[in-house]
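Reader: I should be grateful for a close examination of the charged side chains in this protein and of the contacts they make. Please set them against the fold as a whole.

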Amino acid sequence: MRFQHISDPKDLPLAEDAEFLIQALIHILEQSTTPQVSEIIKQLPECLDSTQLIADALPHLNDRQTQNLILACGLFAQVLNIAEDVHHQRRRDYRAEASDVPEEGSFAAFMEKLHAAAIPAAELQNELNKTTIAAVLTAHPTEVQRQATLSFHRRIRSLLQLRSACHDQRERDELRTEIETVLLSLWQTSETRHYKLSVESEINNGVSIFPLSFFQALPAMYRNMQKQLAQSYPDLEVPNFLHIGGWIGGDRDGNPFVTASTLRHAFTQHADSVFHYYRAQLNDLYEDLPLSVRRVSVSNAVLNLANRSPDTEIAREEEPYRRAIALISSRLIAKAHQLGLTLGCYWGISKDPYPDADAFIKDLETLRQSLNANGSKLLADARLSDLIRAASVFRFYLMPLDLRQHADKHGAVVAELFQHAGLENYPELSEQEKQEVLLRELKTQRPLYSPFVTYSDESEKELAIFQEARKIKDEFGEQAITQSIISNCERPSDLLALALLLKESGLLSVENGKPKSRINIVPLFETIEALENACPVMETLFSLPWYQDLLASRDQIQEIMLGYSDSNKDGGYVTSIWSLYQAERRLVELFRKHRVRLRLFHGRGGSVGRGGGPAYQAILAQPAGSVAGQIRITEQGEVITAKYADPGNARRNLETLVAATLESSLLPHEENEPDADLMQALSDHAFAHYRELITHPDFIDYFLQTSPIHEIASLNLGSRPASRKTLARIQDLRAIPWVFSWTQNRLVLPVWYGFGTAVEELSKDPEKLQALQEHAQNNAFFRAMLSNMEQAMAKSDLNIAEAYVELSSQPEQAYPLFAIIKAEYLRSMNALKSLLQTDTLLRDNRSLARSLALRIPYLNALNSLQIALLKELRLAPDNQVILKMVHLTINGIAQGLRNTG
C-alpha cells in the first residue's frame with residue numbers, strides 16, 4: 001500500500017530499495033524513540049489526511065517527542081531521496097546498455113547530430129578553440145544539509161547499491177545491519193548548525209567537492225569526448241574549454257566577512273587540495289611505470305630528467321620513468337612550499353620549484369611523448385594523460401575565483417579617492433560628468449591612492465582585496481582571478497569606476513595612453529529596469545575609444561552577467577525570463593554591430609523562482625547567437641550536492657552542459673524565435689498583476705507573518721546576512737530567502753503569480769489564444785517556461801498554504817489578500833493545464849510525479865508541524881527550543897521538496 005504510486009514494472013527495484021531503507025529506519029526509530037512517535041510514522045504513508053493525523057497527535061506529545069517526529073519525517077524524505085537517486089542511476093545504466101539511442105543531453109547524442117550536420121573538421125576545431133564553458137560554484141546559502149549529513153547519505157547510497165548483489169539472506173542481513181549503523185549515526189547527528197557558518201568554512205565546503213568528484217569526473221569526461229570525437233575527426237584536438245569556477249572567498253556583495261585574508265585563504269585551500277591530488281597521482285604513476293631500459297627504449301628528454309632525479313636507489317638505475325617522476329614530484333612539492341603549503345615528499349624538496357603549471361605539464365608531456373614513441377601508448381593514454389588534462393584544467397589554483405561587489409561600494413571608494421586627491425565631489429556629479437572625470441583619470445598611469453593618506457576602513461578593505469588579487473595572480477597563475485563582477489550595475493560609470501579601482505591596485509595599467517587590464521570587467525544586470533537598460537549602457541561604453549582599447553587587451557571579449565533571482569523578485573517569473581530573453585537578443589545584435597565577442601554569465605539559482613530548471617533545455621532555449629561557444633552558469637547550495645557530489649553525476653551534468661553549449665553554437669536553431677509582441681503582451685499583463693500584489697499595502701505584513709522568513713533568516717545556512725538592510729522591505733530582501741519562504745509555505749508564488757491573469761487577458765482574442773497554444777507545442781522558449789512552471793506548481797499545495805494564513809496577527813487583512821492570491825493561483829493552474837493540454841501536472845515527468853507522491857505524506861506532516869510550532873513561536877518569540885524545532889521543519893521540508901531558494 002505504501003508504494004501504490006509505483007506501478008511500472010521498471011520501477012519495482014525502486015520500491016524494493018525504498019522498502020528496504022524504510023524498514024531499516026523504522027527499526028532504528030523503534031529503538032530510539034517512543035511508541036507514540038513510531039506509531040505516527042507508521043500511519044503516515046497509509047493516512048488519507050496527514051494534516052489531521054498531526055493535529056490529533058501533537059497535543060499528546062512533549063517537546064522531545066515532537067522533535068523526534070520532525071526528525072523522523074525528515075529522515076524518511078532523505079532515505080527516499082537516496083532510493084530515487086540510486087534508481088535513476090540504475091535506469092540510466094540500463095538504457096545505456098540496452099539501447100543504441102543515446103540519452104538526450106549526452107555528448108553521444110550531440111555527436112549524432114554533429115555527424116548528421118556534416119560539420120567540417122576545421123570548422124569544429126575552430127569552434128572548440130574559442131569555446132569557454134564554466135560551472136561556477138557560489139556560496140549562496142541554499143544547502144540546508146550539513147556536510148556530516150551529506151557524508152552519511154553518500155555512505156547509505158553506496159551500501160544500497162550493493163543490495164541487488166546480495167546472494168543470500170545472510171548477506172542481506174549483514175547489509176541491513178551496516179545501513180542501520182549509518183542510519184543510527186544519522187539519527188543521532190544534529191541536522192542544524194548551532195553556529196554561524198564562516199566564509200572559511202564555506203571555502204572548505206566548496207573545495208571538498210573536488211576530491212569527491214571533479215578530480216575524477218573532469219579528466220574522464222575529457223577522455224570520453226576525445227575518444228568520441230576521434231571516431232569522426234581523428235586529427236581533432238580537444239582544448240581545455242570546460243572549467244569549474246568559484247565565487248567563495250571573492251564574493252563581497254552583501255557579505256562583510258569577505259576580506260583580502262579570506263581571498264588568500266581560499267587560494268591556499270585550493271592549492272592544498274590540488275597539490276595533494278597531484279602528489280597522489282604521481283605516486284600512483286610511479287607504481288605504474290617501473291619500465292626498464294632493458295625492455296623499452298626511452299627518449300633522451302626522459303633520460304635527462306632521470307639523471308637529475310633525487311631517487312638514487314640502486315633498484316631504480318634501470319627505471320628512468322620512475323626516477324623522472326621522483327624529480328617531478330620533488331619540484332612540484334617545492335612549488336607547493338613556495339605557495340605556503342606544507343606537503344611532504346618522499347624524495348625531498350627540490351631547490352628548483354616549478355615556476356608555473358606549464359613547466360609541470362611540460363615535464364609530464366615529456367613522459368607521454370616517450371611512452372608514445374616507444375611502444376607504450378596504452379600507458380601514455382591511461383593515468384598519465386588524465387593527469388596532464390587535470391593539470392591543464394586545475395593548474396596550481398584548482399579553480400579560478402571571481403571577485404564581486406555592489407556598484408555602490410565601488411562608487412564610494414572612488415568618491416573617497418577623489419576627495420583625498422582634491423578632485424571633484426564625485427557623488428554630486430551627473431552621469432555624464434562621472435564618465436568624463438573617470439576617463440580623465442583612466443588615461444594616465446598616475447595613481448590617486450596614496451599610502452600616506454588615512455582612508456576609511458571600508459575603502460581600505462576594498463582596495464586591499466584588489467591588491468591581494470594582483471599578488472595571487474602573480475603567485476598562483478594569471479588565470480587564477482580573471483573576473484570582477486559589478487552587482488546592481490545600472491550605468492556606464494559603474495564599469496569605469498571599477499576600472500579605476502583596478503588601475504589603483506595594479507591590475508590595469510596604461511601604456512602609451514592605452515589601457516591594458518588583467519581582469520575582465522563584468523556588469524551584472526539584475527533588475528527588470530537594469531535588463532532593459534543593458535544595451536544602452538554597453539552601447540555608450542563601446543562608443544568610447546578608451547573602452548575599445550580596453551576590450552582589445554581582453555581579446556575583444558565582453559562578459560555580461562544576467563541576474564535571474566532579483567529580476568524574478570522584482571517583476572515575477574514571466575516578466576523576468578522574457579526580460580532576460582529580450583536583453584540577450586538585443587545584446588547579440590549590439591555586440592555583432594561593434595564586433596565584440598559576447599560571453600553571457602547566467603546567474604541561475606536552484607529553484608525555478610531563481611532561474612533554475614534543466615540546464616540542457618535552458619541553454620537550447622536561449623536566443624540564436626547568444627551562446628556562441630561562450631557560457632558561464634552559477635551552481636550553488638543544494639544544486640552542487642545534487643549534480644556534482646559523486647563522479648558519475650558530475651560527469652553526466654558537465655557533459656550535458658558541454659553538449660548543450662556546442663549544440664547551440666554549432667548546429668542551426670531549428671525552431672522559430674518566440675513572437676515578440678505576443679510574449680511582450682503576456683509579460684506586460686503578468687507584470688502589472690504581480691506588481692499590484694507586491695505593492696499592496698498589506699502585502700509585506702502578509703508575507704512576513706504567513707511564512708517562516710524570520711526563522712529562515714536565523715537558520716545558519718551561510719555567512720551572508722539574509723537581507724542587505726532590513727526584512728521590512730521587499731527590495732532589501734535577498735532573493736534566496738524570498739523564494740525559500742514561498743517554497744516552505746507551499747505557495748511557490750514567485751513562479752506563477754500573474755501568469756493566469758495574463759493568459760486570461762490574451763485569451764479574449766482567439767488569435768492570441770491560438771498563438772499561445774501553438775507556442776506551447778512548438779517554441780523552445782515558451783515550452784521551457786511552462787515546463788519549469790509545471791514542476792514548481794506541482795510542489796505547491798493551496799490547502800496547506802491557506803493554513804499558514806492562520807499565523808497572521810491581522811486576519812482581517814490577511815484573509816482577503818489570500819483570497820486574491822488563491823484566485824490567481826486557480827487561474828494560473830487552469831491556464832497552465834490548458835496550454836499543456838493536460839488534466840494532471842507532470843504527466844510527462846513520471847519520475848518527478850512519483851518522487852513527490854512518495855514523499856508527500858512526510859512533507860505535509862512537516863508543514864503541519866511547522867505551522868503549529870510557528871503559532872507557538874509567535875506567542876513566545878524568545879523560546880529557543882521551539883525555534884530549533886521550526887528550523888528542523890524547514891530542513892525537512894526543503895529535503896522533501898529537494899528545493900530551498
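Author: The account below begins with the overall fold, turns to the charged residues, and ends with one helix and two loop positions.

The model discussed here is a predicted one. The protein comprises 37 helices and ten strands. Its radius of gyration is 29 Å, which agrees with the value near 29 Å that a compact globule of 901 residues would have. The C-alpha trace spans about 80 × 80 × 60 Å along the principal axes. Of the 901 residues, 59% are buried. Among contacts with a sequence separation of 6 or more, 80% join residues that are 24 or more positions apart. The exposed surface amounts to about 35,500 Å², and carbon and sulfur atoms supply 49% of that area.

As to charge, there are 92 positive and 114 negative side chains in the protein. The centres of these two sets lie 4 Å apart. The structure holds 50 salt bridges, and several of them may be taken in turn.

One of these pairs is Arg404 with Asp253, whose closest N and O atoms are 3.5 Å apart. The pair links distant parts of the chain, since 151 residues separate the partners in sequence. Arg404 belongs to strand S3 (residues 402-406), while Asp253 sits in the loop between strand S2 (242-246) and helix H10 (260-288). Both Arg404 and Asp253 are buried.

Helix H10 itself supplies a partner to another bridge: Asp284 in helix H10 is paired with Arg383 in helix H14 (residues 377-394), 99 residues away in sequence. The side chains of Asp284 and Arg383 meet at 3.5 Å, N to O. Are these two residues buried, exposed or partly exposed? Asp284 has a relative accessible area of 33%, so it counts as partly exposed. Arg383, at 28%, is likewise partly exposed. The cut-offs behind these statements are under 20% for buried and over 50% for exposed.

A third salt bridge joins Glu319 and Arg322, again at 3.5 Å from N to O. Glu319 and Arg322 are both buried. The two also take part in a network of salt bridges that links Glu287, Asp311, Arg316, Glu319 and Arg322.

Two further arginines deserve attention for their surroundings. Arg389 is placed in helix H14. Which side chain of opposite charge is nearest to Arg389, and how far away is it? It is Glu237, at 6.0 Å; Arg389 is buried yet has no salt bridge. The limit for a salt bridge is a side-chain nitrogen within 4 Å of a carboxyl oxygen. Apart from residues up to four places away in sequence, Arg389 touches Pro219, Tyr222, Gln226, Val238, Pro239 and Asn240.

The other arginine, Arg264, lies in helix H10. Beyond its neighbours within four places in sequence, Arg264 is in contact with Glu468, Lys471, Ile472, Glu475 and Phe476. Arg264 and Glu526, by contrast, are 29 Å apart in space, C-alpha to C-alpha, and 262 residues apart in sequence.

A helix elsewhere in the chain shows how buried residues pack. Helix H31 (residues 755-762) is mostly covered, with six of its eight residues buried. These buried residues are Phe755, Gly756, Thr757, Ala758, Val759 and Leu762. What do they pack against? Their partners are helix H22 (573-594), helix H26 (676-694), helix H30 (749-752), helix H32 (766-778), helix H33 (780-793) and helix H35 (811-836).

Two loop positions complete the account through their backbone angles. Most residues other than glycine have a negative phi. Asn488, which is not a glycine, nevertheless has a positive phi of about 55°. Its place is the loop between strand S4 (483-487) and helix H18 (492-504). Asp555, also a residue other than glycine, has a positive phi near 60°. Asp555 is found in the loop between helix H20 (545-552) and strand S8 (557-563). With a relative accessibility of 59%, Asp555 counts as exposed.

In summary, Arg404 and Asp253 form a buried pair that links distant parts of the chain. Asp284 and Arg383 are partly exposed, and their bridge also links distant parts of the chain. Glu319 and Arg322 are buried and belong to a network of salt bridges, whereas Arg389 is buried without a salt bridge.

Technical notes:
Residues are numbered from 1 along each chain as its sequence is written. This is a predicted model: local features need pLDDT of at least 70, side-chain atom pairs count only at pLDDT 80 or more; totals for chains, interfaces and linings use all residues. Side-chain values use heavy atoms; hydrogens and water are left out. Helices (H or I, at least four residues) and strands (E, at least two) are DSSP runs, numbered from the N terminus. The radius of gyration is taken over C-alpha atoms; the globule rule is 2.2 Å times the number of residues to the power 0.38. Buried means under 20% relative accessible area, exposed over 50%, partly exposed in between (1.4 Å probe, protein chains only). Contact means heavy atoms within 4.5 Å. Accessible areas come from the Shrake-Rupley method with a 1.4 Å probe; for residues, only the protein chains shown count as cover. Lys and Arg count as positive and Asp and Glu as negative; His and the chain ends are not counted. The place of a charge is taken as NZ of Lys, CZ of Arg, CG of Asp or CD of Glu.
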